[in-house]
2 protein chains.
Amino acid sequence: MSHSCQQHKQQIEEALDIATRICEQHGARLTDVRKRVFELIWVSDQPAKAYGLLTELQKNDPSAKPPTIYRALDFLLELGLIHKLHRLNAYVRCTHPEEKKPCFFLICTNCQVVTESHDQAYKKLIAKISKSRDFKLHATTFEMEGLCQQCV
Amino acid sequence: MSHSCQQHKQQIEEALDIATRICEQHGARLTDVRKRVFELIWVSDQPAKAYGLLTELQKNDPSAKPPTIYRALDFLLELGLIHKLHRLNAYVRCTHPEEKKPCFFLICTNCQVVTESHDQAYKKLIAKISKSRDFKLHATTFEMEGLCQQCV
DNA sequence: TTAATGAATGTTATATTATAACAAAACAAA
DNA sequence: TTTGTTTTGTTATAATATAACATTCATTAA
């Protein structure tokens, strides 16, 4: 971490505030498990795996089981508070939950670093495709795998 | 099927010819298992699942096991002869293996129909992103999930 | 033709990811 | 407080995928 613990803590607090607000807006409840999973994903440097999260959960709540974690993940995904990386079967925080910007990911197969990214042209592309094909879009996945700048 | 068996057979033959040519170009061998898996995916109306393909394989070759199918799938994916739908964990034929056009998929969550599609703007977007981020691209996934025209 | 090499396949075992189904508890709201 | 709905608990199992090592096959150089 390049920043202090204090800064770090503030960032999480802020993310939780935003998440709470988004839940309220949707009449959804950010229960304890859901909040805990959100936090775990949020503080993770790497994309988090479902069973890794489960192991973490179980430290506080030994009764946690696979459905516990998958339900929480589904909930957070549906609200756009996290993203699933389908090529990795892993989960990452959303850097912009309030804006609902469509985003995509660059996945380096060498150093494993994953970068969330945005582009106006991507947003336009999605809109164009949906419209031209009369497609009622619910979710998109756009992931690019290869070698990052460092690893080329 | 809206077309005759004869037409159908010709299409598969042609696809196999193209696949064979592409393999030759890459110094790769289209062995029996690989060819069989390619055919099975090719003739499937729906995206094919790995273990479904395995079951088919085993009808001719009882010794086939999970690695058999996953190795063949990896081979075909690497050459761009098939695509993997990461949101569905399923495999579909590539409609344009020679052109290497980047393609994406529209997945209807109601009728399950999956449509492969292309767009010049998508190609440009990928090029732009890769270039601007110095990213050496190896593979992309772009899948849009929602309701198709029929199901809205 | 044969020996050597690397590629592909066979085989066993197991890891990883995810969901079905139903019961119990917590919550909302009438 | 009853009633209906959402959430969680729990057990079991389904579905997807890979590791590791042995064997066979194909290619080519000697």
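**View 1. Helices facing DNA strand D in the predicted model.** Three helices each supply at least two residues of the surface near DNA strand D. Chain A provides α2 (32-43) and α4 (66-78). Chain B provides α4 (66-78). The top contributor is α4(B), which gives 4 residues. By class, this surface holds 8 charged, 7 nonpolar and 3 polar residues.

**View 2. Residues around DNA strand D.** The strand is surrounded by 18 residues. From chain A, A:Thr31 and A:Arg71 are among the closest. From chain B, the closest include B:Lys49, B:Tyr51 and B:Lys84. Of the atoms of DNA strand D within 4 Å of the protein, 50% belong to sugar and phosphate.

**View 3. Arginine contacts to DNA strand D.** A:Arg71 places a polar side-chain atom 2.4 Å from a base oxygen of DNA strand D. B:Arg71 also addresses a base of this strand: one of its polar side-chain atoms lies 3.3 Å from a base nitrogen. A:Arg34 has a backbone partner instead, with a side-chain N or O atom 3.4 Å from a sugar or linking oxygen of the strand.

**View 4. Helices facing DNA strand C.** Here α4 of chain A supplies at least two residues of the nearby surface. So do α2 (32-43) and α4 of chain B. The leading element is α4(A), with 4 residues. The surface near DNA strand C comprises 7 nonpolar, 3 polar and 8 charged residues.

**View 5. Residues around DNA strand C.** There are 18 residues around this strand. Those that come nearest include A:Lys49, A:Tyr51 and A:Lys84 from chain A. B:Thr31 and B:Arg71 join them from chain B. Sugar or phosphate accounts for 49% of the atoms of DNA strand C within 4 Å of the protein, and bases make up the rest.

**View 6. Chain B side chains at DNA strand C.** Two of these side chains meet phosphate oxygens. In B:Thr31, a side-chain N or O atom is 2.5 Å from a phosphate oxygen of DNA strand C. For B:Arg34, the distance from a polar side-chain atom to a phosphate oxygen of the strand is 3.4 Å. B:Arg71 reaches a base, with a polar side-chain atom 2.5 Å from a base oxygen of DNA strand C.

**View 7. B:Arg71 between the two DNA strands.** Which base atoms does the B:Arg71 side chain approach on DNA strand C and DNA strand D? On DNA strand C, the partner is a base oxygen at 2.5 Å. On DNA strand D, the partner is a base nitrogen at 3.3 Å.

Methods
Residues numbered from 1 in each chain as written. Chains lettered and ligands numbered in written order. Predicted model: local features only at pLDDT ≥ 70, side-chain atom pairs only at ≥ 80, totals over all residues. Heavy atoms only, no water. Near = heavy atom within 4 Å. Polar contact = N/O pair within 3.5 Å; in protein donor to acceptor, adjacent residues only side chain to side chain. Nonpolar A, V, L, I, M, F, W, Y, C, P; charged D, E, K, R; others polar.
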